[in-house]
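Visitor: Please take one strand of this model and go through it closely. I would like to know what surrounds it and what follows it along the chain.

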Amino acid sequence: RNALYDIEILKSHRFQVPIISVGNLAVGGQGKTPHVEYLVLLLSPYYRVAVVSRGYKRNTSGFLLADKNSTAQSIGDEPYQIFSKFPKITVAVDSNRVRAIRKLLANNLPPQVIILDDAFQHRSVRPGFSILLSDYSSLYLYDSMLPGGRLRESKYQSKRADIIAVTKCPEDINPLDIRITAKLFKLLSYQSLYFSTYKYGEIQPLFNKKADGKITLKQMKTQRFSILLTVAIANPQPIIEYLKQYSEQIDSVIFADHHFFEKRDYQLIEKKFNALQSIHKIIITTEKDATRIGSDYPKTLQNYTYLLPIEVQIINNQEQLFIKTIKNYVAEDLRNG
(Lines give C-alpha, C1' and ligand atoms only; values in the text may rest on other atoms or scores of the structure.)
Protein backbone atom coordinates (compact mmCIF):
# COMPACT_ATOMS: atom_id res chain seq x y z
CA ARG A 1 0.00 0.00 0.00
CA ASN A 2 2.77 2.43 0.89
CA ALA A 3 4.58 1.56 -2.34
CA LEU A 4 1.43 2.37 -4.32
CA TYR A 5 1.25 5.76 -2.61
CA ASP A 6 4.96 6.34 -3.23
CA ILE A 7 4.59 5.79 -7.00
CA GLU A 8 1.29 7.73 -6.99
CA ILE A 9 -0.99 4.94 -8.18
CA LEU A 10 -2.91 5.61 -4.98
CA LYS A 11 -3.58 9.31 -4.63
CA SER A 12 -2.62 11.50 -1.68
CA HIS A 13 -4.77 14.62 -1.55
CA ARG A 14 -3.19 18.01 -0.86
CA PHE A 15 -5.14 20.93 0.57
CA GLN A 16 -4.52 24.67 0.59
CA VAL A 17 -4.34 24.84 4.37
CA PRO A 18 -1.58 23.93 6.86
CA ILE A 19 -2.11 20.33 7.95
CA ILE A 20 -0.10 18.78 10.79
CA SER A 21 -0.28 15.03 11.24
CA VAL A 22 0.43 13.41 14.62
CA GLY A 23 0.87 9.65 14.63
CA ASN A 24 3.01 6.66 15.41
CA LEU A 25 4.23 3.39 13.95
CA ALA A 26 3.36 1.24 16.98
CA VAL A 27 -0.16 0.47 18.14
CA GLY A 28 -1.44 2.62 21.01
CA GLY A 29 0.13 4.25 24.01
CA GLN A 30 2.58 6.65 22.36
CA GLY A 31 1.01 9.86 23.68
CA LYS A 32 -0.87 11.14 20.63
CA THR A 33 -3.70 12.96 22.39
CA PRO A 34 -1.51 14.95 24.83
CA HIS A 35 0.71 16.00 21.91
CA VAL A 36 -2.31 17.04 19.87
CA GLU A 37 -3.46 19.10 22.85
CA TYR A 38 0.01 20.65 23.05
CA LEU A 39 -0.32 21.80 19.43
CA VAL A 40 -3.82 23.13 20.08
CA LEU A 41 -2.53 25.16 23.03
CA LEU A 42 0.31 26.45 20.87
CA LEU A 43 -1.72 27.45 17.80
CA SER A 44 -5.30 28.21 18.89
CA PRO A 45 -4.52 31.68 20.31
CA TYR A 46 -3.44 32.77 16.80
CA TYR A 47 -5.40 30.66 14.31
CA ARG A 48 -8.73 28.94 13.81
CA VAL A 49 -7.74 25.37 14.63
CA ALA A 50 -9.56 22.15 13.77
CA VAL A 51 -8.71 18.66 14.97
CA VAL A 52 -9.74 15.72 12.77
CA SER A 53 -9.85 12.24 14.27
CA ARG A 54 -11.20 8.86 13.32
CA GLY A 55 -13.22 8.70 16.52
CA TYR A 56 -12.06 5.25 17.57
CA LYS A 57 -14.74 2.99 19.11
CA ARG A 58 -17.55 5.52 18.71
CA ASN A 59 -21.06 4.17 18.20
CA THR A 60 -21.74 6.44 15.21
CA SER A 61 -20.41 6.60 11.66
CA GLY A 62 -19.62 9.16 8.98
CA PHE A 63 -18.73 12.79 9.52
CA LEU A 64 -19.62 14.43 12.83
CA LEU A 65 -18.74 17.76 14.41
CA ALA A 66 -18.37 17.84 18.18
CA ASP A 67 -20.91 20.01 19.97
CA LYS A 68 -22.50 20.40 23.40
CA ASN A 69 -24.51 17.21 22.88
CA SER A 70 -21.49 15.06 22.03
CA THR A 71 -20.37 12.20 24.27
CA ALA A 72 -17.39 9.87 24.37
CA GLN A 73 -19.68 7.24 22.88
CA SER A 74 -20.80 9.40 19.95
CA ILE A 75 -17.44 10.84 18.86
CA GLY A 76 -14.84 8.71 20.68
CA ASP A 77 -13.13 9.28 24.02
CA GLU A 78 -10.07 11.14 22.73
CA PRO A 79 -11.93 13.64 20.48
CA TYR A 80 -14.40 14.20 23.32
CA GLN A 81 -11.54 14.89 25.73
CA ILE A 82 -10.01 17.41 23.31
CA PHE A 83 -13.32 19.17 22.72
CA SER A 84 -14.10 19.26 26.46
CA LYS A 85 -10.77 20.99 27.14
CA PHE A 86 -10.89 23.28 24.09
CA PRO A 87 -14.55 23.99 23.33
CA LYS A 88 -13.71 26.98 21.11
CA ILE A 89 -11.88 24.93 18.48
CA THR A 90 -13.47 22.66 15.86
CA VAL A 91 -13.28 18.91 16.48
CA ALA A 92 -14.46 16.62 13.71
CA VAL A 93 -14.55 12.82 13.47
CA ASP A 94 -14.59 10.80 10.29
CA SER A 95 -12.77 7.65 9.20
CA ASN A 96 -12.50 9.35 5.79
CA ARG A 97 -10.10 12.21 6.47
CA VAL A 98 -10.35 13.59 2.93
CA ARG A 99 -14.11 13.97 3.26
CA ALA A 100 -13.74 15.52 6.72
CA ILE A 101 -11.26 18.15 5.52
CA ARG A 102 -13.38 19.02 2.48
CA LYS A 103 -16.42 19.54 4.69
CA LEU A 104 -14.46 21.72 7.12
CA LEU A 105 -13.02 23.86 4.33
CA ALA A 106 -16.50 24.34 2.87
CA ASN A 107 -17.67 26.11 6.03
CA ASN A 108 -18.27 29.86 5.99
CA LEU A 109 -15.44 30.24 8.49
CA PRO A 110 -13.02 27.42 7.60
CA PRO A 111 -10.11 26.43 9.85
CA GLN A 112 -6.75 28.04 9.22
CA VAL A 113 -4.85 25.03 10.63
CA ILE A 114 -5.89 21.37 10.72
CA ILE A 115 -4.34 18.82 13.10
CA LEU A 116 -4.79 15.19 12.12
CA ASP A 117 -4.93 12.89 15.14
CA ASP A 118 -3.48 9.38 14.64
CA ALA A 119 -3.07 9.79 10.90
CA PHE A 120 0.45 8.61 10.06
CA GLN A 121 -0.90 5.55 8.22
CA HIS A 122 -3.74 7.45 6.52
CA ARG A 123 -1.92 8.52 3.41
CA SER A 124 -5.03 9.59 1.48
CA VAL A 125 -4.23 13.04 2.96
CA ARG A 126 -0.75 14.42 2.42
CA PRO A 127 0.01 16.63 5.42
CA GLY A 128 2.29 19.60 5.10
CA PHE A 129 4.03 18.59 8.31
CA SER A 130 4.23 15.21 10.04
CA ILE A 131 5.15 14.38 13.64
CA LEU A 132 5.98 10.76 14.46
CA LEU A 133 5.88 9.67 18.12
CA SER A 134 7.79 6.85 19.79
CA ASP A 135 7.58 5.85 23.46
CA TYR A 136 10.97 6.12 25.21
CA SER A 137 10.41 2.76 26.93
CA SER A 138 9.58 0.93 23.67
CA LEU A 139 11.26 2.67 20.74
CA TYR A 140 10.05 1.54 17.34
CA LEU A 141 13.73 1.05 16.43
CA TYR A 142 13.70 -2.23 18.37
CA ASP A 143 10.21 -3.33 17.38
CA SER A 144 8.85 -5.42 14.52
CA MET A 145 5.68 -5.65 12.47
CA LEU A 146 2.44 -7.12 13.75
CA PRO A 147 1.71 -9.82 14.79
CA GLY A 148 5.25 -10.58 15.98
CA GLY A 149 5.71 -7.02 17.27
CA ARG A 150 3.62 -3.89 17.72
CA LEU A 151 4.36 -1.94 14.54
CA ARG A 152 1.56 -1.11 12.13
CA GLU A 153 4.05 -0.65 9.30
CA SER A 154 7.76 -0.87 8.63
CA LYS A 155 10.28 1.25 10.54
CA TYR A 156 11.46 2.41 7.11
CA GLN A 157 8.30 4.51 6.83
CA SER A 158 9.65 6.87 9.50
CA LYS A 159 11.22 8.67 6.52
CA ARG A 160 7.85 10.40 6.00
CA ALA A 161 8.14 12.28 9.31
CA ASP A 162 9.45 15.82 9.61
CA ILE A 163 9.79 15.51 13.39
CA ILE A 164 10.38 12.37 15.43
CA ALA A 165 9.44 12.86 19.07
CA VAL A 166 10.60 10.45 21.76
CA THR A 167 7.73 10.60 24.25
CA LYS A 168 7.13 9.73 27.90
CA CYS A 169 10.76 10.25 28.84
CA PRO A 170 11.51 10.00 32.57
CA GLU A 171 11.21 13.40 34.20
CA ASP A 172 14.75 13.06 35.56
CA ILE A 173 16.35 11.73 32.36
CA ASN A 174 19.95 12.83 32.15
CA PRO A 175 21.64 14.44 29.11
CA LEU A 176 23.84 11.39 28.54
CA ASP A 177 20.81 9.10 28.10
CA ILE A 178 19.33 11.62 25.67
CA ARG A 179 22.54 11.69 23.61
CA ILE A 180 22.75 7.88 23.57
CA THR A 181 19.13 7.59 22.45
CA ALA A 182 19.51 10.30 19.81
CA LYS A 183 22.41 8.42 18.20
CA LEU A 184 20.14 5.43 17.62
CA PHE A 185 18.02 7.38 15.14
CA LYS A 186 19.48 7.74 11.66
CA LEU A 187 17.78 11.00 10.83
CA LEU A 188 17.49 12.25 7.28
CA SER A 189 18.60 15.77 6.39
CA TYR A 190 15.09 17.25 6.68
CA GLN A 191 14.25 15.54 9.99
CA SER A 192 14.70 16.70 13.56
CA LEU A 193 14.47 14.83 16.85
CA TYR A 194 12.84 16.02 20.07
CA PHE A 195 12.26 14.53 23.49
CA SER A 196 9.15 15.06 25.58
CA THR A 197 7.88 14.10 29.01
CA TYR A 198 4.59 14.27 30.83
CA LYS A 199 3.96 17.07 33.26
CA TYR A 200 1.24 16.09 35.71
CA GLY A 201 -1.08 18.70 37.14
CA GLU A 202 -2.84 18.85 40.50
CA ILE A 203 -5.50 16.17 40.96
CA GLN A 204 -9.08 17.37 40.47
CA PRO A 205 -12.35 15.91 41.78
CA LEU A 206 -14.25 14.18 38.99
CA PHE A 207 -17.57 14.77 40.75
CA ASN A 208 -18.62 17.54 43.15
CA LYS A 209 -16.11 19.92 41.59
CA LYS A 210 -17.34 22.85 43.70
CA ALA A 211 -17.24 20.98 46.99
CA ASP A 212 -14.96 22.04 49.85
CA GLY A 213 -12.24 19.80 51.18
CA LYS A 214 -10.50 18.92 47.92
CA ILE A 215 -7.48 16.68 48.34
CA THR A 216 -4.09 17.71 46.95
CA LEU A 217 -1.08 15.59 46.07
CA LYS A 218 0.83 17.11 48.99
CA GLN A 219 -1.95 16.17 51.41
CA MET A 220 -1.98 12.64 50.01
CA LYS A 221 1.68 12.28 50.90
CA THR A 222 1.58 13.84 54.36
CA GLN A 223 -1.59 11.97 55.34
CA ARG A 224 -0.37 8.68 53.84
CA PHE A 225 -3.20 8.07 51.44
CA SER A 226 -3.66 4.75 49.69
CA ILE A 227 -4.39 5.03 45.96
CA LEU A 228 -6.52 2.91 43.66
CA LEU A 229 -5.51 3.75 40.11
CA THR A 230 -8.37 3.04 37.71
CA VAL A 231 -7.40 3.33 34.04
CA ALA A 232 -8.10 1.95 30.58
CA ILE A 233 -5.02 3.12 28.72
CA ALA A 234 -2.28 1.32 26.79
CA ASN A 235 0.58 2.02 29.20
CA PRO A 236 -0.25 3.05 32.78
CA GLN A 237 3.28 2.48 34.11
CA PRO A 238 4.47 6.14 33.87
CA ILE A 239 1.49 7.22 35.99
CA ILE A 240 2.16 4.51 38.55
CA GLU A 241 5.80 5.60 38.80
CA TYR A 242 4.74 9.22 39.26
CA LEU A 243 2.20 8.44 41.98
CA LYS A 244 4.80 6.50 43.97
CA GLN A 245 6.10 9.91 45.06
CA TYR A 246 2.85 10.48 46.94
CA SER A 247 1.81 7.08 48.25
CA GLU A 248 3.44 3.90 49.52
CA GLN A 249 0.35 1.84 48.76
CA ILE A 250 -0.91 1.86 45.18
CA ASP A 251 -3.31 -0.75 43.87
CA SER A 252 -4.77 -0.67 40.37
CA VAL A 253 -7.67 -1.76 38.21
CA ILE A 254 -6.47 -1.75 34.63
CA PHE A 255 -8.66 -2.34 31.58
CA ALA A 256 -7.90 -2.50 27.86
CA ASP A 257 -7.24 0.79 26.06
CA HIS A 258 -10.44 2.72 25.21
CA HIS A 259 -12.55 0.39 27.35
CA PHE A 260 -16.05 1.70 28.09
CA PHE A 261 -16.89 1.05 31.72
CA GLU A 262 -19.84 -1.15 32.64
CA LYS A 263 -21.69 -1.89 35.86
CA ARG A 264 -19.54 -4.97 36.61
CA ASP A 265 -16.41 -2.82 36.21
CA TYR A 266 -17.72 -0.36 38.78
CA GLN A 267 -18.43 -3.27 41.13
CA LEU A 268 -14.84 -4.43 40.78
CA ILE A 269 -13.53 -0.91 41.41
CA GLU A 270 -15.72 -0.58 44.50
CA LYS A 271 -14.60 -3.97 45.83
CA LYS A 272 -10.91 -3.10 45.39
CA PHE A 273 -11.37 0.34 46.90
CA ASN A 274 -13.11 -1.03 49.98
CA ALA A 275 -10.29 -3.56 50.39
CA LEU A 276 -7.65 -0.84 50.77
CA GLN A 277 -6.39 -0.99 54.35
CA SER A 278 -6.05 2.71 55.07
CA ILE A 279 -7.91 5.46 56.90
CA HIS A 280 -7.28 7.79 53.96
CA LYS A 281 -7.78 6.50 50.44
CA ILE A 282 -8.56 7.83 47.00
CA ILE A 283 -9.36 6.70 43.44
CA ILE A 284 -7.33 8.33 40.67
CA THR A 285 -8.06 8.10 36.94
CA THR A 286 -6.96 9.96 33.80
CA GLU A 287 -8.75 12.67 31.82
CA LYS A 288 -9.22 10.20 28.98
CA ASP A 289 -10.78 7.59 31.26
CA ALA A 290 -12.98 10.20 32.91
CA THR A 291 -14.76 10.73 29.57
CA ARG A 292 -15.95 7.11 29.71
CA ILE A 293 -17.16 7.05 33.32
CA GLY A 294 -20.94 7.18 33.10
CA SER A 295 -23.75 8.49 35.25
CA ASP A 296 -24.19 5.00 36.75
CA TYR A 297 -20.85 5.33 38.56
CA PRO A 298 -21.48 4.41 42.23
CA LYS A 299 -22.43 7.40 44.36
CA THR A 300 -20.49 5.85 47.25
CA LEU A 301 -17.27 6.38 45.24
CA GLN A 302 -17.90 9.79 43.74
CA ASN A 303 -16.43 11.89 46.55
CA TYR A 304 -13.26 9.78 46.46
CA THR A 305 -12.66 9.86 42.70
CA TYR A 306 -10.15 12.30 41.20
CA LEU A 307 -8.55 12.74 37.79
CA LEU A 308 -4.90 13.46 37.10
CA PRO A 309 -4.34 16.03 34.32
CA ILE A 310 -1.47 15.41 31.90
CA GLU A 311 0.40 17.90 29.75
CA VAL A 312 3.32 17.47 27.37
CA GLN A 313 6.60 19.26 28.01
CA ILE A 314 9.42 19.37 25.46
CA ILE A 315 12.69 18.78 27.31
CA ASN A 316 16.45 19.02 26.68
CA ASN A 317 16.21 22.81 26.22
CA GLN A 318 14.43 22.28 22.90
CA GLU A 319 10.98 23.64 23.63
CA GLN A 320 11.47 27.07 22.06
CA LEU A 321 12.99 25.51 18.96
CA PHE A 322 10.05 23.10 18.67
CA ILE A 323 7.57 25.97 19.01
CA LYS A 324 9.45 28.03 16.43
CA THR A 325 9.51 25.11 13.97
CA ILE A 326 5.75 24.56 14.20
CA LYS A 327 4.87 28.26 14.01
CA ASN A 328 7.22 28.83 11.07
CA TYR A 329 5.66 25.94 9.15
CA VAL A 330 2.14 27.27 9.67
CA ALA A 331 3.04 30.86 8.80
CA GLU A 332 4.97 29.84 5.67
CA ASP A 333 2.26 27.47 4.47
CA LEU A 334 -0.40 30.16 4.89
CA ARG A 335 1.71 32.62 2.90
CA ASN A 336 2.29 30.12 0.11
CA GLY A 337 -1.36 29.13 0.11
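Guide: The strand chosen here is β12, and the model is a predicted one. Both of its faces are covered: K281, I283 and T285 are buried on one side, and I282, I284 and T286 are buried on the other. The split into two sets follows a common pattern, since in a regular strand the side chains alternate between the two faces of the sheet. Because 6 of the 6 residues of β12 (residues 281-286) are buried, the strand is largely enclosed by the rest of the structure.

The next point is the sheet around the strand. β12 belongs to an open sheet of 5 strands with mixed pairing, in the order β9-β13-β12-β10-β11. The edges of this sheet are β9 (204-205) and β11 (249-254), each of which pairs on one side only. In the strand order, β12 sits between β13 and β10. Strand β10 (residues 226-231) runs parallel to β12 and is joined to it by 4 bridges. Within that pairing, S226 has K281 as its bridge partner, and I227 has I282. With strand β13 (residues 305-308), β12 also pairs in the parallel sense, over 4 bridges. There, T286 of β12 stands opposite L308.

T286 is the last residue of the strand, and helix α10 covers residues 287-290. Two salt bridges start from this helix. E287 pairs with K85, with the closest N and O atoms 3.3 Å apart. K85 lies in helix α4 and E287 in α10, so this contact ties together parts that are 202 residues apart in sequence. E287 has a relative accessible area of 16%, so it counts as buried, while K85, at 31%, is partly exposed.

K288 forms the other salt bridge, with D257, at 2.8 Å between the closest N and O atoms. This pair also links distant parts of the chain, 31 residues apart: K288 is in α10, and D257 is in the loop between β11 and α9. K288 is buried at 13% relative accessibility, and D257 is partly exposed at 22%.

K85 has a further partner. E37 forms a salt bridge with K85, the closest N and O atoms being 2.9 Å apart. E37 lies in helix α2 (residues 32-43) and K85 in α4, so the pair ties together parts that are 48 residues apart in sequence. E37 is buried, with a relative accessible area of 4%. K85 therefore takes part in salt bridges with both E37 and E287. A search of the whole structure finds 15 salt bridges.

Helix α4 leads on to the other sheet. This helix (residues 77-85) lies across β2 (49-53), β4 (90-93), β5 (113-117) and β14, running at about 170 degrees to β4. Helix α12 (residues 319-336) packs on the sheet too, touching β1 (19-24), β5, β6, β7, β8 (192-200) and β14, and its direction makes about 150 degrees with that of β6. The sheet in question is open, has 9 strands with mixed pairing, and follows the order β3-β4-β2-β5-β1-β6-β7-β8-β14. From β12, the path thus passes through E287 in α10 to K85 in α4, and α4 in turn lies across strands of the 9-stranded sheet.

How values were computed:
Residues numbered from 1 in each chain as written. Predicted model: local features only at pLDDT ≥ 70, side-chain atom pairs only at ≥ 80, totals over all residues. Heavy atoms only, no water. Buried < 20%, exposed > 50% of the residue type's maximum accessible area, 1.4 Å probe, protein only. Pairing = 2+ DSSP bridges. Contact = heavy atoms within 4.5 Å. Axes fitted to C-alpha atoms, helices over the stretch in contact; angles between N-to-C directions. Salt bridge = Lys/Arg side-chain N within 4 Å of Asp/Glu carboxyl O.
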